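Look at the model below. We will start where two chains meet, then step inside one of them.

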Amino acid sequence: MPAEFSFASLPSRARRGGRILAWALVVLAAYAFRERLSLSSASRDRLRFVHSFTTASERAIIDDAVAEFQRAHPELPVDQIAFNSETYQNIGWRLQFQGDRQSDVFFTWLGYKTRQADQEGWSLDMKPYLSAEDLDQFLPSTLGPSSGALTFLPQSVDLSNLIWVNRDCFRTNGLIEPRTRQEWLAVSIELRRRGLLALVQGNREFWPMGNLGAELLGRSVGVESLQDLFMGRIPATPQRLEGLRLLVDWAREGCLDAPGILSPGGIGTLSDLDAKVLFLGGKAAQHPIGSWFTADIRDAKDHGELRFEPGVFSVPPNPGEAEARVAVITGYQVNRRTRHPDLAVDFLRRLLSRKYQERFAALGNLSARKDAVAFTTEPIPRQLLALLARPAAMIPPPDTGYSPERAAVFYEICAKLLLGKLDLDGAARIWTEQQPSLAQKEK
Amino acid sequence: MSRRGQALFFAPGMLVFALFVLLPATQTWVDSVVVWKQGRAEWLGLGLYKMALADGRFQRALGSNLVYFLWTLLFEVVAGLMLALGLERNTRWNQWLRVIFFAPAVLSMVVVGLVFGFLFKDGVGLLPGWLNEGNALLTVSLISGWASAGFFMVIFLGGLAGIPEDVLEAARLDGASAWQTFWFVKLPLLREVVYVALLVCFTGAFKAFDLFWVLFRNQEEGTIVGTLLVREFFQYGHPAYGSALSAILAAVVTAGTILGMKALRWGLDRSWRSR
Amino acid sequence: MEVAMTRSSATAARATLGDRLMRPLWILGALACLFPVAWMFLGSVKKTNQELYDHPFSLPQSWAWENYAQAVREGRMGDYLVNSLLVVALSVVGTVVLGAWSGYALGKRDFPWRATWLGVIFLGSILPVQATLFPLIRILQTLGLHDSLWALILAYIAQSLPPAIWLLAAYFQSIPRDLEEAARIDGASAWRFYTSILFPIAKPAIATVVVITCLNTWNEFLLAMLLVLDPMKKTLPAGMIAFEAAHSTFYPALLAGLTLISVPTLMVYALFNRQVMRGMVAGAVKS
């Protein structure tokens with residue numbers, strides 16, 4: 001790289017030796033790193049399994065299921081392609097259906113993504129390969145639409161909106177966990193009055209509060225109307241958006257910031273992970289986030305970093321509202337172009353059997369199997385399973401239930417309500433205004 | 001060298017360039033006017049472009065690009081020029097200072113974005129709130145300025161070194177103040193370098209991606225065309241619309257550069273000549 | 001070829017009184033400029049998030065080097081480092097070899113449509129990467145290269161070629177034609193003339209190309225994020241973003257990862273700062 005250094009100044013034999021050495025090094029390096037430089041195998045006689053389980057404990061379970069399948073079918077080697085969750089959701093999921101090295105079995109989210117895969121002809125109808133007993137293992141509500149083809153097998157259910165609380169903080173302030181929406185707001189205002197951060201949330205990516213907004217709205221207008229609102233079939237009016245009033249109240253009362261802890265508007269710059277850190281560090285009284293937070297609490301406990309007793313409750317209802325909750329159902333689909341449909345389904349049958357799902361449950365996963373209550377032992381997951389068992393309408397989170405763009409419009413509205421930049425009138429106006437362009441793009 | 005020899009030398013590099021830059025660039029234009037649906041081509045014409053121009057989100061993103069360009073003009077180019085003037089004399093001190101001020105330019109923008117993200121992180125950071133809405137574009141321009149002012153400083157130092165000693169000597173003998181020397185002597189002689197700096201700053205502002213992607217995932221104020229089109233394509237699943245946005249961005253950058261080059265040369269030459 | 005930074009006549013100038021008076025201000029500015037980098041490094045060896053933010057200016061209470069082990073173990077920074085090194089090395093070799101060939105051909109004044117070619121290459125160099133993104137992915141998939149390091153290497157070579165060709169063509173053009181004439185009369189073929197005479201004397205220009213290509217490919221993020229999805233094959237910047245998004249809520253480990261990305265470029269810069277400054281600026285100015 002330096003211009004001053006010159007090979008020409010070396011004696012010529014040394015130069016030749018140096019050149020040979022350099023080439024030898026290049027060849028050696030290419031050999032040593034041949035794995036990294038290799039292309040993914042193009043062979044058809046492999047089962048390409050795409051998922052986004054990247055933690056060591058999850059990988060161990062998947063590896064064992066793969067090994068079991070491999071013992072039964074040594075002729076069909078399984079290639080695991082594990083993407084990072086965000087990479088997969090935003091990029092990898094779409095790209096796996098292009099080109100000639102497509103996936104055979106892939107992880108997915110029930111809702112918009114499965115619907116799109118069905119429409120585009122990317123997913124296989126698994127009914128011919130499954131028995132009635134096979135299907136009877138799963139909670140019926142987690143299998144997708146009951147009529148027509150069966151293209152999805154569920155693994156787990158996640159509740160998107162739970163309120164995690166710092167019980168010690170509630171106790172020292174003489175507060176109790178709220179049972180109604182009114183009480184919830186009152187408690188939050190009281191916390192803020194005492195200079196505490198009532199609720200911490202990292203809404204940089206918009207989905208955390210957007211999902212909460214969907215639940216609030218879904219409960220107040222009902223699941224059907226919520227769908228109509230999202231698809232632009234009925235216009236958004238301030239009256240219909242009354243369910244989002246809580247977000248406006250929070251913003252007005254400063255429940256999402258506190259002097260010396262978080263500045264007003266800070267919620268829009270933090271990621272969900274930042275909020276997690278703040279809550280686990282004891283800086284906030286409440287943290288609304290999904291059931292996957294169980295795993296973080298367990299981690300913090302294991303590392304001896306949790307200095308308070310955590311609790312959890314679901315979104316407190318308004319009197320007279322419908323019971324509804326936002327839940328994400330994740331599982332697998334099989335690519336219709338696979339050469340080995342029977343074996344692909346067989347692989348899923350093994351992976352989703354009690355043997356492996358029990359181990360996922362031990363990691364804090366809520367299983368979509370009917371027998372989940374029997375093998376889930378941790379107290380918080382059990383509490384959540386009980387919650388799931390209560391009758392309530394299921395609302396998909398907007399970004400898995402609708403096109404990501406329709407979801408994005410709603411998410412942005414929620415984010416702006418929380419920043420105090422919109423009122424319900426403005427929210428209704430924006431949402432209605434966006435409909436024509438959304439419809440146009442979908443064509 | 002024979003014609004054939006020339007072609008043989010020329011072809012391999014050109015082939016790679018054509019296959020991985022020219023071909024996809026052309027294909028982007030095609031994708032924005034023709035859509036394949038179930039194996040059949042559907043002609044869209046300029047429909048997507050009309051849609052883009054009416055799309056409020058795109059307008060705001062393009063506006064953000066422009067505002068970002070204007071701020072970086074100040075924080076990168078003007079700051080770089082000031083650094084260059086301050087460190088023009090070739091002392092040992094100044095050599096050290098130049099090395100220090102240029103250093104951030106070798107860092108990855110991903111690193112720059114994440115480090116400043118930590119520094120400005122609300123709730124815990126040293127300067128919380130700087131990235132909140134309302135400040136976002138200004139702050140991100142300041143960060144760019146930190147990263148790139150040294151780079152422009154070096155461009156200007158090169159220009160300053162090219163100014164003949166006797167011209168400066170003459171100015172000194174005439175009793176010109178430092179400001180007069182700068183405004184009437186150095187700046188006119190630097191104009192070629194100023195063109196280059198303006199163009200580099202312009203293309204940089206419209207090609208930007210990393211900082212915005214790292215710092216603002218969704219904030220509307222922190223959305224520029226470069227990040228919006230990636231989202232349109234992958235997150236929203238509108239490849240054709242994303243291609244139209246890419247095509248518009250490419251047109252803005254190329255047209256801006258070429259017209260800018262012509263206009264600057266013409267306009268600045270005249271204004272300086274008349275002075 | 002290279003951008004001069006100092007007046008050629010001037011030997012090290014003496015500081016005047018005014019310089020001395022301004023000195024504290026400049027030192028302050030330089031410290032402010034270095035602060036984020038220093039904070040990144042110091043933060044990477046702190047024990048807790050708390051310590052990171054409560055004592056931003058102080059040395060760590062005890063140096064927690066294990067954060068680096070965590071970044072390598074959980075963030076896979078070691079894998080990414082190897083990938084980055086491979087990609088950079090191969091991209092640089094490819095760019096230099098192909099760029100010098102094309103530059104040699106285009107350095108001839110009688111090359112057919114020379115101005116057109118140079119114009120096309122110039123256009124290619126100002127085109128935003130985003131304008132090629134989606135078809136590029138499809139082309140790479142068709143070739144079976146998507147999601148491998150070769151996808152990045154080829155895309156990087158194609159992206160780095162325009163400035164390389166411009167710089168080298170200009171350089172070769174400045175070499176007297178008599179030289180080639182003399183070689184031809186001595187019976188050397190064009191190839192032999194190129195390899196044994198022309199290429200060696202182009203070292204300063206090639207050093208510039210190497211500098212630009214190294215830094216640009218080492219730091220590139222957008223293509224790295226989209227062309228390689230396999231977590232085993234990511235390069236440092238894209239891998240770092242995945243690390244940040246997926247894993248750690250422990251900031252010092254993330255800062256350790258960021259430091260790992262930056263140390264190689266900063267070290268090269270510390271050693272060869274003059275070449276790096278000239279190279280980067282020449283790359284931007286010439287093209």
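Two residues are in contact when heavy atoms of theirs lie within 4.5 Å. Keep that cut-off in mind, and remember that this is a predicted model.

Start with chains C and B. By that rule, 97 residues of chain C touch 88 residues of chain B. The area buried between the two chains is about 8200 Å². Carbon and sulfur atoms give 78% of that area.

What about charges? The count between chain C and chain B is one salt bridge. Arg138(C) forms a salt bridge with Asp31(B). Their closest N and O atoms are 2.4 Å apart. Polar contacts also cross this interface: eleven residue pairs are found, with both residues at pLDDT 80 or more.

Which part of chain C gives the most to the side that touches chain B? Helix 1, residues 17-44, does, with 14 residues. Now sort that whole side of chain C by residue type. It divides into 73 nonpolar, 14 polar and ten charged residues.

Next, turn to a single residue of chain C. Ser91(C) sits in helix 4, which covers residues 77-106. Is Ser91(C) buried or exposed? Its relative accessibility is 0%. Buried means under 20%, so Ser91(C) counts as buried.

What surrounds Ser91(C)? Set aside its neighbours within four places in sequence. Ser91(C) is then in contact with Ile153(C), Tyr156(C) and Ile157(C). Two threonines, Thr213(C) and Thr217(C), are in contact with Ser91(C) as well. Find Ser91(C) in helix 4, then trace each of these partners in the model.

Methods. Residues are numbered from 1 along each chain as its sequence is written. Chains are lettered from A and ligands numbered from 1 in the order in which they are written. This is a predicted model: local features need pLDDT of at least 70, side-chain atom pairs count only at pLDDT 80 or more; totals for chains, interfaces and linings use all residues. Side-chain values use heavy atoms; hydrogens and water are left out. Helices (H or I, at least four residues) and strands (E, at least two) are DSSP runs, numbered from the N terminus. Buried means under 20% relative accessible area, exposed over 50%, partly exposed in between (1.4 Å probe, protein chains only). Buried area is the accessible area (1.4 Å probe) that two parts lose on being put together, summed over both. A salt bridge is a side-chain nitrogen of Lys or Arg within 4 Å of a carboxyl oxygen of Asp or Glu. A polar contact is a pair of N or O atoms within 3.5 Å; within protein, one must be able to donate a hydrogen and the other to accept it, and residues adjacent in sequence count only if both atoms are side-chain atoms. Ala, Val, Leu, Ile, Met, Phe, Trp, Tyr, Cys and Pro count as nonpolar, Asp, Glu, Lys and Arg as charged, and the others, Gly among them, as polar.
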